Amino acid sequence: MLSIRKALKSQFMISKKTKYGLKALSFIARSDEKLIPIGIIAKEEHIPHKFLESILLVLRKSGFLGSKKGKGGGYYLMKEPSEIYMVDIMRVLEGPIAPLA
């Protein structure tokens with residue numbers, strides 16, 4: 001997950017959707033809590049709540065995140081952080097990535 005931080009600070013061209021998705025995943029991976037409420041992620045990472053909801057829904061449907069509803073609920077990683085690759089997140093949130101020739 002450290003490479004995500006470098007990419008977010010570099011001149012790498014990524015959309016806000018992807019940037020916010022990577023920030024949210026990184027936050028969840030760094031957290032000591034098992035379940036992270038969306039409000040905490042949005043506040044701590046300065047991501048608009050409604051936009052984050054749509055991003056986390058896509059990541060959940062793609063198998064990167066799990067969620068628990070109700071009081072004490074939140075999001076959690078479905079894979080080890082070392083098994084989550086930035087390019088996979090980009091593909092899920094942005095679609096296919098074509099190599100530049």
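Visitor: What covers the buried residues of helix H3?

Guide: Happy to start there, keeping in mind that this is a predicted model. The buried residues of H3, which spans residues 38–45, are Ile 38, Ile 41, Ala 42 and Glu 45. Seen down the helix axis, they fall within an arc of 95°, so they line one face of H3. What covers them includes helix H2 (16–30), helix H4 (49–61) and strand S2 (74–77).

Visitor: Which residue just after H3 takes a positive phi?

Guide: Helix H3 covers residues 38–45. Just after H3, a positive phi of about 55° is taken by His 46.

Visitor: Which part of the structure supplies the largest share of the largest nonpolar core?

Guide: That core has 24 residues, and those with the most contacts inside it are Ile 28, Ile 41, Leu 52, Leu 56, Leu 59, Leu 65 and Ile 89. H2, H3, H4, S2 and helix H5 (86–94) each supply at least two residues of the core. The largest share, 6 residues, comes from H2.

Visitor: Which residues does Leu 59 touch, not counting residues up to four places away in sequence?

Guide: Leu 59 is one of the residues with the most contacts inside the largest nonpolar core. Leaving out residues up to four places away in sequence, Leu 59 touches Gly 21, Leu 25, Phe 64, Leu 65, Ile 89, Val 92 and Leu 93.

Visitor: Is Ala 24 buried or exposed?

Guide: Ala 24 sits in helix H2. Beyond residues up to four places away in sequence, Ala 24 touches Ile 41, Ile 47, Leu 52 and Leu 56. The C-alpha atoms of Ala 24 and Leu 56 are separated by 8.2 Å, with the two residues 32 apart along the chain. Because its relative accessibility is 0%, under the 20% cut-off, Ala 24 counts as buried.

Visitor: How far from Lys 23 is the nearest side chain of opposite charge?

Guide: Lys 23 lies in helix H2, and this residue is buried yet has no salt bridge. Its side chain does reach the backbone oxygen of Glu 45 at 3.0 Å. A salt bridge needs a nitrogen-to-oxygen distance within 4 Å. The nearest side chain of opposite charge belongs to Glu 45, and the distance is 4.1 Å.

Visitor: Which residue meets Glu 45 in a salt bridge?

Guide: Glu 45 is in helix H3, and the pair links distant parts of the chain, 15 residues apart, with the partner in helix H2. Glu 45 counts as buried because its relative accessibility is 12%, while the partner, at 41%, counts as partly exposed. The two side chains meet at 3.2 Å, N to O, and the partner is Arg 30.

Visitor: Which residue in helix H4 pairs with Lys 50 in a salt bridge?

Guide: Lys 50 is exposed, with a relative accessible area of 65%. Its partner is 3 residues apart from it in H4, so about one helical turn separates them. That partner counts as partly exposed, at 31% relative accessibility. The side chains meet at 3.8 Å, N to O, and the partner is Glu 53.

Visitor: How many salt bridges does the structure hold?

Guide: Besides Arg 30 with Glu 45 and Glu 53 with Lys 50, the side chains of Arg 91 and Asp 88 meet at 3.7 Å, N to O. Arg 91 and Asp 88 are 3 residues apart in helix H5, so about one helical turn lies between them. Arg 91 is partly exposed at 41% relative accessibility, and Asp 88 is partly exposed at 27%. The number of salt bridges in the structure is 3.

Definitions and conventions. Residues are numbered from 1 along each chain as its sequence is written. This is a predicted model: local features need pLDDT of at least 70, side-chain atom pairs count only at pLDDT 80 or more; totals for chains, interfaces and linings use all residues. Side-chain values use heavy atoms; hydrogens and water are left out. Buried means under 20% relative accessible area, exposed over 50%, partly exposed in between (1.4 Å probe, protein chains only). Helices (H or I, at least four residues) and strands (E, at least two) are DSSP runs, numbered from the N terminus. The arc is that of the directions from the helix axis to the C-beta atoms. Contact means heavy atoms within 4.5 Å. Lys and Arg count as positive and Asp and Glu as negative; His and the chain ends are not counted. A polar contact is a pair of N or O atoms within 3.5 Å; within protein, one must be able to donate a hydrogen and the other to accept it, and residues adjacent in sequence count only if both atoms are side-chain atoms. A nonpolar core is a set of buried Ala, Val, Leu, Ile, Met, Phe, Trp, Tyr and Cys residues joined through side-chain atoms within 4.5 Å.
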